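Reader: I'm new to this one. Can you walk me through a few parts of it?

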Amino acid sequence: MTGSFERRDFFKTMGVAGVVLAGGSMLAACSPGTAKPSVEASGSLLAADIKWDEETDILVVGSGFAGLAAAIEAKMAGSEVVLIEKMPIYGGNSAINGGDMAAVGTPLQVKAGVKDDLALMEADMLKAGKYYNHVDRVKAVAENSAAAVEWCTSLGVEFTKLNFHGGHSVPRTNTTSNATGADIIKAEVAKLEELGSGVNLNTKLARLIEDEAGRIVGAEVRKNYKLGNEDSGTTAYIKANKAVVLASGGFSNDVKMRVIHEPRLTDAMTSTNHEGATGESLREALKHGAMDVHMDWIQLGPWTSPDELGFGYTPQFCERLVGFGLMVDPETGKRFVKETGDRKERADKMLALGRITLVLGDSVACEKQVLPRIMEGGQEAGVILKFDTLEDIAKEFAIPQDVFLAEVARWNSFIEKKVDDDFGALIMEGATPTQTPPFYVAKLWPKVHHTMGGLVTNLQAQVINQDYEPIAGLYAAGEIAGGTHGAVRLGSCAITDCVVFGRIAGQEAAKEPTQA
């Protein structure tokens, strides 16, 4: 089938040829005609010797949820901010995600009458994370979750629907009006511009710069940088008189880096991430003594389609149907997994099968759960397929028809009694039997989605060094910071994590004394 590959190919051990792990700089030299030579990575040229091109209080790296939150909070606290983004557009992965934000006690939860509490959200995050999570960070995310939603709302973001993500005990996912992270990003950028700042695009962090005491005091950057051309642009030096905040995301699209940590995730696996998710800022912090955590835990999204690139439409079709529709192995005609299970549970089962699976819902479920924009766009893209009968589905995918029809009937019986006897999937409130045509189907195959690992930070978002102490002048928030999610990030907790710790990073960085 389209986008599939043999299981034996996926599990082949891949040698990482050509990767050299050595001390010193791994940066390309400046191209001819650049403004000035790069500072030597040996550190022989001290910060005091640099002629700074620009000064600010706080330098923020990355324009996603966390970076923008940090910049806004720092500006509101009275600090000057420069925010840089290596890509030609702002937002990164944040702009292309589903706009889902997990939180306890929000207006949407109250209106829906959902019974929830902080301890339950914490328990769900820990269970999904296989208890590898740093508990203090989990508590911080849960305790500040409703405030994070309220903060976004204060910027003009509209959360219009309460949804459920696999692995949660109850619906607690607040979804933006257009079901996209861009709703939040646009509101954050507008607020930052209102405060008199903005996003410096095509500007890449090349190196962090320390002073004689080891404090991070600024950065070497590449202005007019073009992704994929490390010699592009010109070198400039930005002095940060208070702090640098790293909020540049994860490394899902750096195949060389992810294979070091998870050898199965070769270039045979595609990613939902934007092409700039390549981890350079994380590696740069490590060169300055930062400690990392959970780097081997890389999440696969079990709701992606092999028939479209990147994130696409299918995740918001599939994930809205869990607890309302069923997932089927076309080879057997039977369900194969708990549809409302966490991402690792479902992705691991798909990989064990080694073939494309299906998610399906009828017209009632799809109209109730899936946004018209997703249904229309997915059908136009050919990734959400429409069928008049269940028999037509069986014929299209060569499914054993009698087994398949019996399985749908069995699923419908579980819907009626609100209990799944086979896999223990949650039957969601308002779910109805899958029986009303037309029926809609999407193919599923996992993609690399989120890197749980990253820099160790404390609850003030300070980056921790190899001696368990904060690195002076260096903060981090968002996907670049590890520990929160353990082995598996619970769906819709990413935005919450980013906003919570992004705000903290901005507030704490603004409290730093101004360095001479």
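Author: First, a term: helices (H or I, at least four residues) and strands (E, at least two) are DSSP runs, numbered from the N terminus. Residues are numbered from 1 along each chain as its sequence is written. This is a predicted model, where local features need pLDDT of at least 70, side-chain atom pairs count only at pLDDT 80 or more, and totals for chains, interfaces and linings use all residues, while side-chain values use heavy atoms, leaving out hydrogens and water.

Reader: OK. What phi does G382 take, just after α13?

Author: A positive one, of about 80 degrees.

Reader: And which residues of α13 are buried?

Author: Helix α13 covers residues 372-380, and its buried residues are I374, M375, G377 and G378. Buried means under 20% relative accessible area, exposed over 50%, and partly exposed in between, with a 1.4 Å probe and protein chains only.

Reader: What covers them?

Author: The cover includes α10 (314-321), α12 (363-369) and β15 (439-444). Contact here means heavy atoms within 4.5 Å.

Reader: β15 again. What is the strand order in its sheet?

Author: The sheet is open, has four strands with antiparallel pairing, and runs β12-β13-β15-β14. Its edge strands, each pairing on one side only, are β12 (326-328) and β14 (385-387). Two strands pair if DSSP finds at least two bridges between them.

Reader: How many bridges join β14 to β15?

Author: Three, and the two strands run antiparallel. As one bridge, L385 has V441 in β15 as its partner.

Reader: Switching topic. How do α2 and α7 pack?

Author: Helix α2 (residues 65-76) and helix α7 (residues 182-194) pack at about 25 degrees, and their axes are 10 Å apart. α2 is therefore roughly parallel to α7. Angles under 35 degrees count as roughly parallel, over 145 as roughly antiparallel, 65 to 115 as roughly perpendicular and the rest as oblique. Axes are lines fitted to C-alpha atoms, for helices over the stretch in contact, and angles run from 0 to 180 degrees between N-to-C directions.

Reader: Which residues make that contact?

Author: From α2, they include F65, L68 and I72; from α7, they include I184, E188 and L192.

Reader: Last one: H450. Buried or exposed?

Author: H450 counts as buried because its relative accessibility is 7%. H450 lies in strand β16 (residues 447-451).

Reader: What does its side chain make a polar contact with?

Author: The side chain of R489, at 3.2 Å. A polar contact is a pair of N or O atoms within 3.5 Å; within protein, one must be able to donate a hydrogen and the other to accept it, and residues adjacent in sequence count only if both atoms are side-chain atoms.
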